[in-house]
Amino acid sequence: MTAKNEMKDVLGDMDCGRILYDEPMSLHTSLAVGGKAEALVFAENEDQLAQIIGKLSEHRKKYFIAGNLTNVIVRDGGYQGAIVLMTGFKDVTCEPAGGGKGFIYAQAGAALSSVVHLSITEELTGLEFCSGIPGSVGGAVWMNAGAYGREMKDVVESVTVLEADGVKKTMKRNEIIFGYRNTSFPRGTVILGALLKLEKGERSKIKETINEILLWRREKHPLDFPSAGSIFKNLPGQAAGKIIEESGLKGMAVGGAQISSKHANFIINRGGATAADIMRLIETVQSRVKKEKNLVLDTEVVIVGEDE
Ligand SMILES: Cc1cc2nc3c(=O)[nH]c(=O)nc-3n(C[C@H](O)[C@H](O)[C@H](O)COP(=O)(O)OP(=O)(O)OC[C@H]3O[C@@H](n4cnc5c(N)ncnc54)[C@H](O)[C@@H]3O)c2cc1C
């Protein structure tokens, strides 16, 4: 039996939203690389999601929850399992919190940009740092995304999750460990949404900060090419981009992938890159930086799937 048929057997008779079988992930990742997922599931609501995960677990099939796939490399051999997108989870609402504060509740699949937009409308400050990060709320919370000295941990009040065993619960901020681009959620946990606590602010000031950030990003980042943002984590007091540049690797290319000559911590797809091209560049950076500077660069980007 082929892998395709196996997943069809598992999910085929379920009413669980749109499912694409043997779907090239290069069509869905921000880096525009990646082999086929056995199944790409577009989950529409909690009931469907719980059913899908229950069924996958029952059949011992792997699953990977994704948001906008802006921080993920799927290897060229594809993903043997289901990649589940939080397509239907896009609601973003605002609630007063009193004391000059306000809450935004955002479902996991909502784009960070739509949450930032609501914060402008509602005159709530605190989320400006998210401007220009192309991810979803779920991805940002999972990664503890950050920029300009702030991270999701600074605004998260609580996170609602579906645990791997199907139990839904809301976790307070202090029940979650937020690290540098990682969190303590157990494997298999699905983030359903997050309550964000913000301060009352002035609309014009919020907009001004956002415009400054977006301008800075356009100047510094290679936004004209597909990428996954920063590939490597910074080291304490040392930016990975600077380390890579000092190691003489800026502009280096393998196949269609290149270490951006604009920002050395970005690997861009100049056209026709494969995940293998990107992995070769990652390995080259890691070995050169170890050799030249005796430093270890860990990836920030999440790498899944099998080699071809
Ligand atoms: C141009 C560009 C600029 C960027 N700038 C920044 C930046 O300034 N700062 C920064 O931190 N990042 C940045 N990124 C990286 C990326 O956008 C962030 O990490 C973002 O938070 C990822 O969100 P996503 O929805 O795309 O997550 P995905 O890439 O889909 O997933 C990332 C991880 O989160 C997990 N995940 C996603 N959703 C869920 C969920 N609902 N439940 C459980 N797990 C989930 C996935 O399993 C995976 O492990 C940038 C990327 C690009 C392309």
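Q: Which residues come nearest to the ligand in this model?
A: A residue is near a molecule if one of its heavy atoms lies within 4 Å of it. Of the 34 residues around the ligand, Ile65, Thr70, Ser136, Gly146 and Arg217 come nearest. The model is predicted, so local features need pLDDT of at least 70 and side-chain atom pairs pLDDT 80 or more, whereas totals for chains, interfaces and linings use all residues. Residues are numbered from 1 along each chain as its sequence is written, and side-chain values use heavy atoms, without hydrogens and water.

Q: How many nonpolar, polar and charged residues does the shell around the ligand have?
A: Ala, Val, Leu, Ile, Met, Phe, Trp, Tyr, Cys and Pro count as nonpolar, Asp, Glu, Lys and Arg as charged, and the others, Gly among them, as polar. On that basis the shell has 19 nonpolar, 12 polar and three charged residues.

Q: Which secondary-structure elements supply the shell around the ligand?
A: Helices (H or I, at least four residues) and strands (E, at least two) are DSSP runs, numbered from the N terminus. At least two shell residues come from each of strand 3 (63–66), helix 4 (137–143), strand 9 (146–147) and strand 15 (190–200). Helix 4 gives the largest share, five residues.

Q: Which backbone atoms lie close to polar atoms of the ligand, and how much of the ligand does the protein cover?
A: A polar contact is a pair of N or O atoms within 3.5 Å; within protein, one must be able to donate a hydrogen and the other to accept it, and residues adjacent in sequence count only if both atoms are side-chain atoms. A polar backbone atom of glycine 146 is 2.7 Å from a nitrogen atom of the ligand. For isoleucine 191, a backbone N or O atom lies 2.9 Å from a ligand nitrogen atom. The protein covers 94% of the 960 Å² of accessible area that the ligand has on its own (Shrake-Rupley method, 1.4 Å probe; for residues, only the protein chains shown count as cover).

Q: What domains does the assignment give, and which of them supply the shell?
A: Domain bounds come from an automatic or database domain assignment. The assignment gives domain 1 (3–85), domain 2 (92–220) and domain 3 (240–304). Domain 1 and domain 2 each contribute at least three residues to the shell around the ligand. Between domain 1 and domain 3, 11 residues of the former are in contact (heavy atoms within 4.5 Å) with 14 of the latter.

Q: What is the strand order in the open sheet of three strands?
A: Strands of a sheet pair through backbone hydrogen bonds, either parallel or antiparallel. Here the order is 16-17-18, with antiparallel pairing (a pair needs at least two DSSP bridges). Strand 16 (253–254) and strand 18 (267–269) are the edge strands.
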